[in-house]
Amino acid sequence: MAKFIEIERNKGVDSNIPGTEWMMVPVGKPNLVVLEDGEGFAVRASEHKEKITILEVARQKFPVVAGKIVSLFLSERHRLFMVTGKNGGEARIAAKKDKSSAEIKVSVHGSRTFSISFFFLQDVDAKKVPVSRTVFGPKDAKEWVEGLNSVYGSQANIWFKLGKAVTLALPGLESSASASSAQLLADHKDTQIAPGKGDLQVPIRVFLAGSSLTSQDSGHPNGFFHIATKVILMKDQVANVSQGVTPRPMLKTLAHEIGHFMTHVRGAGQGHEFYKKAGYQNDILNTLDGNDIKIPKQRVYDWNPW
């Protein structure tokens, strides 16, 4: 039976549950989708043709378009299509052959870009010498931003650019991720960031608080998003696969807390239980394991509306 499936995990195509196939396509850029067992099927946009263009990729070009490693998954049973967004909104792709058919819903989204800055906290000892709280430093920020873009960019057309990445020495810091500590960090003169235009008007500020950080929210043992100040505090997490720690634990927590930022920045956000009332299959990025960080369809609609 012919069906549309994802070519690679978490690249903007959902095809796990039959009948709910869906893909995110960026305005002005392409995304890839596979039609399995689709030989002889005619493929076209069946609704809102003005939203997308569809181009089949020749088999000899699979390694160039899809990547050499990913293309190894493609066999004679697969046809590869490049879908490019023209205008924001919904469309639908249908594959038909005689009485057989398959389809996938498409949602075309424009680009959003947020500035994100990292502050690596330091205590000040009796001799007024800064002592780092965290094993991480400014050099790690670039990799985290690249990781965030690999998660949010491909799935929601939401992107991040690195602002500040600096150490911050403060005396009398609490170890808990409390409202008072978040407010202190948000108000400090060295953490102020000049707002830009559009989404850059609300820069994201992330504070690395070391291994001793404790959260007042039991559901957030490794990170904390403070709604009022829109700042994120994070605990050190170092990968140790032998002990069951995810390969990219810092990215896992950072992506999750930024999910809260996205939910609240528009003024209509709610907490973890909201997904149950809204029909979400999962909480904010709660299907992640460090390498597998999934953004549910409804969150794409929430965070990057047309």
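A residue counts as exposed when its relative accessible area is over 50% and as buried when that area is under 20%, with partly exposed in between. In this predicted model, Glu76 has a relative accessible area of 67%, so it falls in the exposed class. Arg59, at 33% relative accessibility, counts as partly exposed. These two side chains meet in a salt bridge, with an N to O distance of 4.0 Å. The contact links distant parts of the chain: Glu76 belongs to the loop between helix H2 (68-71) and strand S7 (78-85), while Arg59 belongs to the loop between strand S6 (52-57) and helix H1 (62-66), 17 residues apart.

This contact leads on to the other charged pairs. Side chains of opposite charge can pair when their charged atoms come close. A search of the whole structure finds 13 salt bridges. One of them brings together the side chains of Arg112 and Asp199, at 2.7 Å from N to O. Arg112 is part of strand S10, and Asp199 is in the loop between helix H4 (179-187) and S14, so this salt bridge ties together parts of the chain that are 87 residues apart in sequence. Arg112 has a relative accessible area of 14% and is therefore buried. A further salt bridge joins Lys189 and Asp190, whose closest N and O atoms are 3.2 Å apart. Here Lys189 is exposed, with a relative accessible area of 64%, and Asp190 is partly exposed at 35% relative accessibility. Salt bridges also link Lys3, Glu36, Asp37 and Arg77 in a network.

The aromatic rings can be described in a similar way. Eleven aromatic pairs are found in a search of the whole structure. Among them, Phe114 and Phe261 are arranged edge-to-face, with 5.8 Å from centre to centre and 90° between the planes. Because Phe114 lies in strand S10 (residues 112-124) and Phe261 in helix H5 (residues 249-265), the pair ties together parts that are 147 residues apart in sequence. Both Phe114 and Phe261 are buried. Phe119 and Phe207 offer a stacked arrangement: their ring centres are 5.1 Å apart and their planes meet at 20°, which is under the 30 degrees that stacking requires. Phe119 is in strand S10 and Phe207 in strand S14 (residues 204-208), so this pair, too, links distant parts of the chain, 88 residues apart. Phe119 and Phe207 are both buried.

Strand S10 thus recurs in these contacts, as it holds Phe114, Phe119 and Arg112. Phe114 and Phe261 are also members of one aromatic cluster, together with Tyr152, Phe160, Phe225 and Trp303. Elsewhere, a charge meets a ring: Lys29 lies over the face of Trp159, at 5.8 Å from the ring centre.

Turning to the strands, five of them form an open sheet with mixed pairing, in the order S2-S3-S9-S8-S5. Strand S2 (13-14) and strand S5 (42-47) are the edge strands, each pairing on one side only. S2 runs antiparallel to strand S3 (residues 22-26), and two bridges join them. Within this pairing, Val13 stands opposite Met23 in S3.

Methods
Residues are numbered from 1 along each chain as its sequence is written. This is a predicted model: local features need pLDDT of at least 70, side-chain atom pairs count only at pLDDT 80 or more; totals for chains, interfaces and linings use all residues. Side-chain values use heavy atoms; hydrogens and water are left out. Two strands pair if DSSP finds at least two bridges between them. Helices (H or I, at least four residues) and strands (E, at least two) are DSSP runs, numbered from the N terminus. Rings of Phe, Tyr and Trp (its six-membered ring) pair if their centres lie within 6.5 Å; planes under 30 degrees apart count as stacked, over 60 as edge-to-face and the rest as tilted. Buried means under 20% relative accessible area, exposed over 50%, partly exposed in between (1.4 Å probe, protein chains only). A charge sits over a ring if NZ of Lys or CZ of Arg is within 6 Å of the ring centre and within 35 degrees of the ring normal.
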